Amino acid sequence: MGKTIAEKIFAAHLRDTPTDENVILDIDVVMCHEITTPIAITDLEARGMDRVFDINKIKAVIDHVTPAKDSKTAIQGKILRDWARRHKIKDFFDIGANGVCHALFPEKGFIRPGYTVIMGDSHTCTHGAFGAFAAGVGTTDLEVGILKGVCSFRTPETIKLTITGTLQDGVSAKDVILRIIKELTVNGATDKVMEFVGPVVNSMSMEARMTLCNMAIEAGATCGICLPDRITAKYLWPFINQTYASIDLAVEDFVTWHSDSDAIYAQELTLDISGLVPQVTFGYKPDEVKNVTEMEGTPVDQVYIGSCTNGRIEDLRSAARILKGRKIAATVRGILSPATPKVYSQALEEGIIAIFMEAGFCVTNPTCGACLGMSNGVLAEGEICASTTNRNFNGRMGKGGIVHLMSPLTAAATAVLGHIADPRKLL
Amino acid sequence: MKEFGGKALFLDRNDINTDEIIPARHLTENTKIALQPFILEDLKLGGFDPRRDIEGKGVIVTRANFGCGSSREHAVWVFEVNDINVVIAESFARIFRQNMYNCGMLAIELSKKEIETLFCLGAAVEIEVDLAACTLTARGDKKLVIPFKLNEFDRKLVKAGGWLAYADKNY
């Protein structure tokens, strides 16, 4: 019987099978940020177990609230910083070098095909874009990961999503994943892995694949996953050129992780996206999705471009296509948070930051802040935000605030017109 | 092992998410106990008032996909520090369910029909969980005994008092 990519990764990392349904896996990368890790650290200290399983396999970043906004967030940063220094964790990213974890860690080449990855953050599923099994976990799982390098999972089933057709200009990976979540609903993939395949995914950049996998959790999935290929190998080349003699050999190796042709899936769905138009959420759940044409004219107070979903260079480039030579509406506050320092400097170099600023956007340092209503763009009661983030939960970006999720293109068009707008009209 | 049972708090909605259980603005707390006053602060549910409705409750009964969204274990701790150690639902989000068992607490899944019978027991319902027998006894307008399934690994976690204790002993 053939195996899916997730089953192959599980088999290669199997530490224990406490029951038929449960497995304990060895973890290749344990990632930490300052919101969910400090309580794990203080608990380990209190138990006299302040140890880490492997300093090279632990990566840490201060990203959710940075610079610290008050004494409490300063303490959270300090706990993580002191711990990273105490244990000589070299891959620790603090102010000046920090960025949104799910954009920063891939950029550093930490994620490889076939890896197992956990982090105390639900959007860890992003890293499946590299053909890794990457899952968001709670603080206790993270604590055990830090201490022992293992994590428990139920044996995964996989939903195969084949994406065919041709994306229209003005339609992006964000629109594809919003459409898929609408189809699956917010718990349609619970306890399952979402495997994205087909010609559309094969031609997607790593950035687009990360957008796709990032929102797998919004359908309840444990992980989103793409099959690693030449595009993956090229992205990772600066980090793997000592391991492989050529890109061809890297690809040859990566392909061994691909799902077998006779692998068994829990569900198979094919989506032809040729007719897909830009998608926008309404309501308070990420599966409440409509065509932009049905949402046009909804006024917004703020437009936020950034986050682990859409704060990468391609996202900024696509928004800049619309913003170039235009001003945002006087009634709109525009906020751009490039996801990492590298994205920020690249955008500066390409003149993208200037385009945003001339259009009237405020540009912040790389941080998660506004996406979860913690800092750098919190909404007031009753305010509406057009956002390139991943969650439109009630109060997500500020108590009583309303969030409409959309692509960077749609967000840019919305900023210009002051209400939800179809970006295809401004291209 | 924790005590499993108590008066039921009924939350009649699907897809109650972790941001509603404990909003991100409170994730800057560095102790579990500091979360206590903020339980279900942003829950969008007509007629529900956390300051009035939480007091004295030990079990939550709710609908499908409870705990969806964020991985924040704060959503489990905020129940723990309010002496709520059992959530009974049609289904759970994976991370929330795992976090419950990792903390030695119970996330029990029942069928839609069984959940409905619990909702029909009246306003004052007391629920006791018998872990060994895998049954729960609900006393309201009448008495109901409902069997449930418990994953054997989850049972081990509860017995051990959580994942850290279990993992430290075994790995």
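Q: What makes both faces of strand β4 (residues 58–61) of chain A count as covered?
A: Ile58(A) and Ala60(A) on one side, and Lys59(A) and Val61(A) on the other, are all buried, that is, 20 or more other C-beta atoms, placed from the backbone, lie within 10 Å of their own. In a regular strand the side chains alternate between the two faces of the sheet. The model is predicted, so local features need pLDDT of at least 70 and side-chain atom pairs pLDDT 80 or more, while totals for chains, interfaces and linings use all residues. Residues are numbered from 1 along each chain as its sequence is written, and chains are lettered from A and ligands numbered from 1 in the order in which they are written.

Q: Why are strand β3 (residues 29–33) of chain A and β4(A) said to pair?
A: Pairing requires at least two DSSP bridges between two strands (DSSP E runs of at least two residues). Four bridges join β3(A) to β4(A), so the requirement is met. The two strands run parallel, and Val30(A) stands opposite Ile58(A).

Q: How do you know that β4(A) also pairs with strand β5 (residues 92–93) of chain A?
A: Two bridges link them in the parallel sense, with Val61(A) opposite Phe93(A).

Q: Why is the β-α-β crossover from β3(A) through α2(A) to β4(A) called right-handed?
A: With the strands pointing away from the viewer, the path from the first strand over the helix to the second runs clockwise. The β-α-β unit of β4(A), α3(A) and β5(A) is right-handed as well.

Q: Which residues of helix α2 (residues 38–46) of chain A are buried?
A: They are Pro38(A), Ile39(A), Ala40(A) and Ile41(A).

Technical notes
Buried ≥ 20, exposed ≤ 12 C-beta atoms within 10 Å, placed from the backbone.
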